[in-house]
Amino acid sequence: KSKPPYTKQTKIAKGKKMAQSIIVAIIPIHNTVQVVIACVDSLQNQPRMGRVILVDNGPEQQTNELIKKLPGVEVYKNAGSEGFAKAVNRGVKRSDAPYVLILNSDTVAQPNAIKALADNLDDPSVGVAGALLIFPKGHPSAGMIQHAGLSIDADHIPKHPVMYWHPLNPAAQKRRSINAVTGAALATRRD
């Protein structure tokens with residue numbers, strides 16, 4: 001019996017095996033060569049990471065040529081800038097993994113980040129998994145939490161409940177139900 005193309009078998013307790021779905025990254029790009037290279041490099045060797053699909057909205061042919069040389073990356077060139085949402089939709093159509101990760105090109109994944117997102121999606125009650133994002137070097141709040149989900153208060157105003165916290169704060173590390181996640185790093189089921 002053949003296995004689906006984007007499933008890995010993993011040993012679990014008492015010798016049983018459980019299929020783990022693979023996640024495919026969809027990254028819209030627009031003339032962002034250096035940050036895209038750092039982003040793709042951070043996805044290499046991540047557990048449960050499948051293909052990386054870049055959808056290039058940039059007019060520069062050089063961007064496409066440099067990125068084509070990255071290992072494990074598929075590049076699709078749009079005729080011009082069609083915007084983030086259309087680029088994401090085009091990438092999702094080209095994916096066939098059960099999970100997709102929509103990722104900004106300037107995002108750098110920490111070790112095991114992709115596995116954590118996919119593990120959350122293994123729970124059928126989870127519709128979307130978001131990442132804990134850290135302010136980058138050079139920002140006044142560098143190293144602190146930028147985003148870890150949004151809540152909506154009683155006045156219907158969105159709040160970042162753990163923004164500016166230290167990322168190792170146990171409350172920030174806890175899995176929780178939230179109202180929204182940022183599109184900078186959003187994982188969901190393809191279907």
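A contact, in this report, means heavy atoms within 4.5 Å. Among contacts in the chain between residues at least 6 apart in sequence, 60% join residues at least 24 apart.

The model is predicted, and for that reason local features need pLDDT of at least 70 and side-chain atom pairs count only at pLDDT 80 or more, while totals for chains, interfaces and linings use all residues. Residues are numbered from 1 along each chain as its sequence is written, and side-chain values use heavy atoms, with hydrogens and water left out.

**The chain as a whole**

The chain holds five helices and twelve strands, where helices (H or I, at least four residues) and strands (E, at least two) are DSSP runs numbered from the N terminus. Of its 191 residues, 38% count as buried; buried means under 20% relative accessible area, exposed means over 50%, and partly exposed lies in between, with a 1.4 Å probe and protein chains only. The chain exposes about 11000 Å², of which carbon and sulfur atoms supply 54%, the areas coming from the Shrake-Rupley method with a 1.4 Å probe.

**Salt bridges**

A salt bridge is a side-chain nitrogen of Lys or Arg within 4 Å of a carboxyl oxygen of Asp or Glu, and by this rule the count comes to nine. Three of them are listed here.

| Pair | N to O distance |
|---|---|
| D119 and R48 | 2.5 Å |
| D119 and K115 | 2.6 Å |
| D123 and R175 | 2.8 Å |

What does the salt bridge between D119 and R48 tie together? D119 lies in helix α4 (residues 113-121) and R48 in the loop between α1 (33-43) and β4 (49-56), so the pair joins parts that are 71 residues apart in sequence. R48 is buried, with a relative accessible area of 3%, whereas D119, at 28%, counts as partly exposed.

The partner K115 lies in helix α4 together with D119, four residues away, which is about one turn of the helix, and K115 is partly exposed at 29% relative accessibility. R48, K115, D119 and D122 are linked in a network of salt bridges.

In the pair of D123 and R175, D123 lies in the loop between α4 and β7 (128-130) and R175 in the loop between α5 (170-173) and β12 (185-189), so parts 52 residues apart in sequence are tied together. D123 counts as partly exposed, at 25% relative accessibility.

**The loop residue I22**

I22 is found in the loop between β2 (17-21) and β3 (23-29), and I22 is buried, with a relative accessible area of 5%. The C-alpha atoms of I22 and P47, which are 25 residues apart along the chain, are separated by 8.8 Å.
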